[in-house]
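Here's a quick briefing on salt bridges for anyone meeting this structure for the first time. Have a look at the sequence and the 3D view, then read on.

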Amino acid sequence: MPGWFDIVSLERSALEEGLKGNAPQPEGLRESVDYIHELIRKEVEAGIPEDRIVVGGFSQGGKVALCTMLDHVPALAGCVGLSTWLQPGVSVRSEQTLQRPFFLAHGSADPLLPPFLAQHTYDELHRLGFKEIEFKIYPGMEHSSCYEELKDLEKFLLRSRGVSTVGVYEKSDLVNLALAYVSE
């Protein structure tokens with residue numbers, strides 16, 4: 001399955017082997033992480049400091065976001081991983097990154113990436129030394145999203161930083177609110 005990187009197998013046995021550290025990082029992952037680093041560099045050149053940049057993604061994009069967060073120097077503002085996973089053997093390049101928040105969310109009924117991968121990712125981040133990890137499993141949710149997850153993500157991104165979303169009904173209003181916050 002191509003996308004951000006190649007996935008050879010989503011069979012449970014292959015996923016479990018990967019969690020034992022017996023599988024290399026997927027081919028193409030490093031290139032995807034480097035691509036995100038380049039996008040971040042361009043944002044910094046445009047005037048957005050790293051400590052105002054949150055990376056995030058869903059599924060393969062979530063894995064790329066997690067790896068980018070761990071790899072980026074200086075530390076980014078935070079990371080969102082939705083319905084995703086992290087293999088063992090990763091490391092953190094900046095001690096400052098350990099102080100940054102994570103939001104991890106996964107569905108209890110995900111048939112593509114079973115919930116044990118989310119638990120492993122949470123445990124792996126704790127092993128690395130992260131303390132501020134919001135971890136949610138949504139009952140009945142498959143490899144998708146749900147209203148509760150989006151509300152929790154909104155809270156993680158905006159309300160926890162003192163930004164009110166009361167009266168925001170349109171996506172464009174939310175984008176403008178987020179951009180105004182980043183520019184402060």
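A residue is called buried when its relative accessible area is under 20%, exposed when that area is over 50%, and partly exposed in between (1.4 Å probe, protein chains only). This is a predicted model, where local features need pLDDT of at least 70, side-chain atom pairs count only at pLDDT 80 or more, and totals for chains, interfaces and linings use all residues. Residues are numbered from 1 along each chain as its sequence is written, and side-chain values use heavy atoms, with hydrogens and water left out.

**Salt bridges overall**
- The structure has nine salt bridges, each being a side-chain nitrogen of Lys or Arg within 4 Å of a carboxyl oxygen of Asp or Glu.
- Arg-30, Asp-34, Asp-71 and Arg-93 are joined up in a network of them.

**Around Arg-30**
- Arg-30 is partly exposed at 42%, and its side chain meets that of Asp-34 at 2.9 Å, N to O.
- Asp-34 is partly exposed too, at 39%.
- These two sit four residues apart in helix α2 (residues 29-45), so about one helical turn separates them; helices (H or I, at least four residues) and strands (E, at least two) are DSSP runs, numbered from the N terminus.
- Arg-30 also forms a salt bridge with Asp-71 (2.8 Å, N to O).
- Because Asp-71 belongs to helix α3 (residues 60-71) and Arg-30 to helix α2, this pair ties together parts 41 residues apart in sequence.
- Asp-71 is buried, at 15%.

**Lys-136 and Asp-152**
- Lys-136 and Asp-152 form a salt bridge at 3.6 Å, N to O.
- The pair links strand β4 (residues 133-138), home of Lys-136, to helix α5 (residues 147-157), home of Asp-152, 16 residues apart.
- Lys-136 is partly exposed at 28%, while Asp-152 is buried at 17%.
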